[in-house]
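Please open your viewer and get ready to select a few residues at a time. We will go from stop to stop, with something to pick out at each one.

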Amino acid sequence: MANLTKIAIKNSLIKLLNERPINKITVKDIVEDCGINRNSFYYHYNDIPSLIEEIINSEADRIINDHSRLESFEDCIQVAISFVSENRKAVMHIHNSPNHEIYERCLWRVCEYVVTTYINTVFADNALSDDDKSILIRYHKCECFGQMVDWLNSGMKNDIMADFHRICELRKGIAEEMLKK
């Protein structure tokens, strides 16, 4: 029963975040939306920021668990923005709130995971040194994270997947060239 209550609370907050900013959402709004009492909310969460953190961490964990192999950099980006695409308004409300660092920490973790998975998949059968692999992971992680934060800062105005698709087209063959060096 406790898991169902937590799921209801999380779903209510996501629903409400898709409707309005965090500073316009109260615990009362959440408990009324999911049909529980305040004590039940406080049994599971200290406050709304702790609820937000759990939602974001759970989503990051889900993304990581669902993707053990990524074949292209484009796949990495698609995975990293999946939750954002499904919950644009909620993510913008989190991004524009004092709690944005919670989202950015999890986004950083997801970017690191998907890029590491991609690099390990692509270069699995090649003699790439650990140092070179580490450099590539850091570079692409920062690129992925930076592009996404820039996209969020712009209000998600451009089509980030189209941009990444074009970047990937321009990069075709670069991995093979790196292996020759």
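Let's begin with the lining of the largest cavity, which by class has 10 nonpolar, no polar and one charged residues. Keep in mind as you look that this is a predicted model. To see the lining, select I56, E59, A60, I63, A80, F83, V84, Y103, C106, L107 and V110. The space inside comes to about 100 Å³. Now color by element: α4, α6 (82-86) and α8 each give two or more residues to this lining.

How many cavities of 30 Å³ or more does the structure hold? There are two, so let's visit the other one. For the second largest cavity, select L13, I14, L17, I52, I55, F83, A90 and I94. About 40 Å³ of space lies here. By class, this lining divides into eight nonpolar, no polar and no charged residues. The elements giving two or more residues are α1, α4 and α7 (88-95), and α1 supplies the largest share, three residues. Keep F83 highlighted for a moment: F83 is in the lining of the largest cavity and also in that of the second largest cavity.

F83 leads on to an open space as well. Which residues line the second largest pocket? Select I7, K10, N11, I14, I55, S58, E59, R62 and F83 to show them. Two elements, α1 (2-17) and α4, each give two or more residues to this lining. The pocket holds about 150 Å³ of space, and its lining has four nonpolar, two polar and three charged residues.

Stay with K10, one of the pocket-lining residues, and add E54 to your selection. Their side chains meet in a salt bridge, with 3.0 Å from N to O. This pair links distant parts of the chain, as K10 sits in helix α1 and E54 in helix α4, 44 residues apart. Side chains of opposite charge can pair when their charged atoms come close. If you would like to hunt for others, a search of the whole structure finds eight salt bridges.

Next, show helix α4 (residues 48-66) together with helix α8 (residues 100-122). At what angle do α4 and α8 pack? The angle is about 10°, and their axes are 9 Å apart. That angle makes α4 roughly parallel to α8. On the α4 side of the contact, select P49, E53, I56, N57, A60, D61, I63 and I64; on the α8 side, pick I102, Y103, R105, C106, R109, V110 and Y113. Colored by class, this contact shows 10 nonpolar, one polar and four charged residues. Several of your picks will be familiar from the first stop: I56, A60, I63, Y103, C106 and V110 are among the residues that line the largest cavity.

For the last stop, select α7 and helix α9 (residues 130-153). Here the packing angle is about 90°, with axes 10 Å apart, and α7 and α9 are therefore roughly perpendicular to each other. Zoom in on R88, V91, M92 and H95 in α7, which meet W151, L152 and N153 in α9. The residues of this contact divide into four nonpolar, two polar and one charged. While α7 is on screen, recall that α7 is also among the elements giving two or more residues to the lining of the second largest cavity.

Technical notes. Residues are numbered from 1 along each chain as its sequence is written. This is a predicted model: local features need pLDDT of at least 70, side-chain atom pairs count only at pLDDT 80 or more; totals for chains, interfaces and linings use all residues. Side-chain values use heavy atoms; hydrogens and water are left out. Axes are lines fitted to C-alpha atoms, for helices over the stretch in contact, and angles run from 0 to 180 degrees between N-to-C directions. Helices (H or I, at least four residues) and strands (E, at least two) are DSSP runs, numbered from the N terminus. Angles under 35 degrees count as roughly parallel, over 145 as roughly antiparallel, 65 to 115 as roughly perpendicular and the rest as oblique. Contact means heavy atoms within 4.5 Å. Ala, Val, Leu, Ile, Met, Phe, Trp, Tyr, Cys and Pro count as nonpolar, Asp, Glu, Lys and Arg as charged, and the others, Gly among them, as polar. On a 1 Å grid over the protein atoms alone, a cavity is a set of points where a 1.4 Å probe fits but cannot get out, and a pocket is an open set with protein on both sides within 12 Å along at least five of seven lines; lining residues have an atom within 4 Å of a point. Grid points are joined across faces, edges and corners, and a volume is the space filled by probe spheres set on the points. A salt bridge is a side-chain nitrogen of Lys or Arg within 4 Å of a carboxyl oxygen of Asp or Glu.
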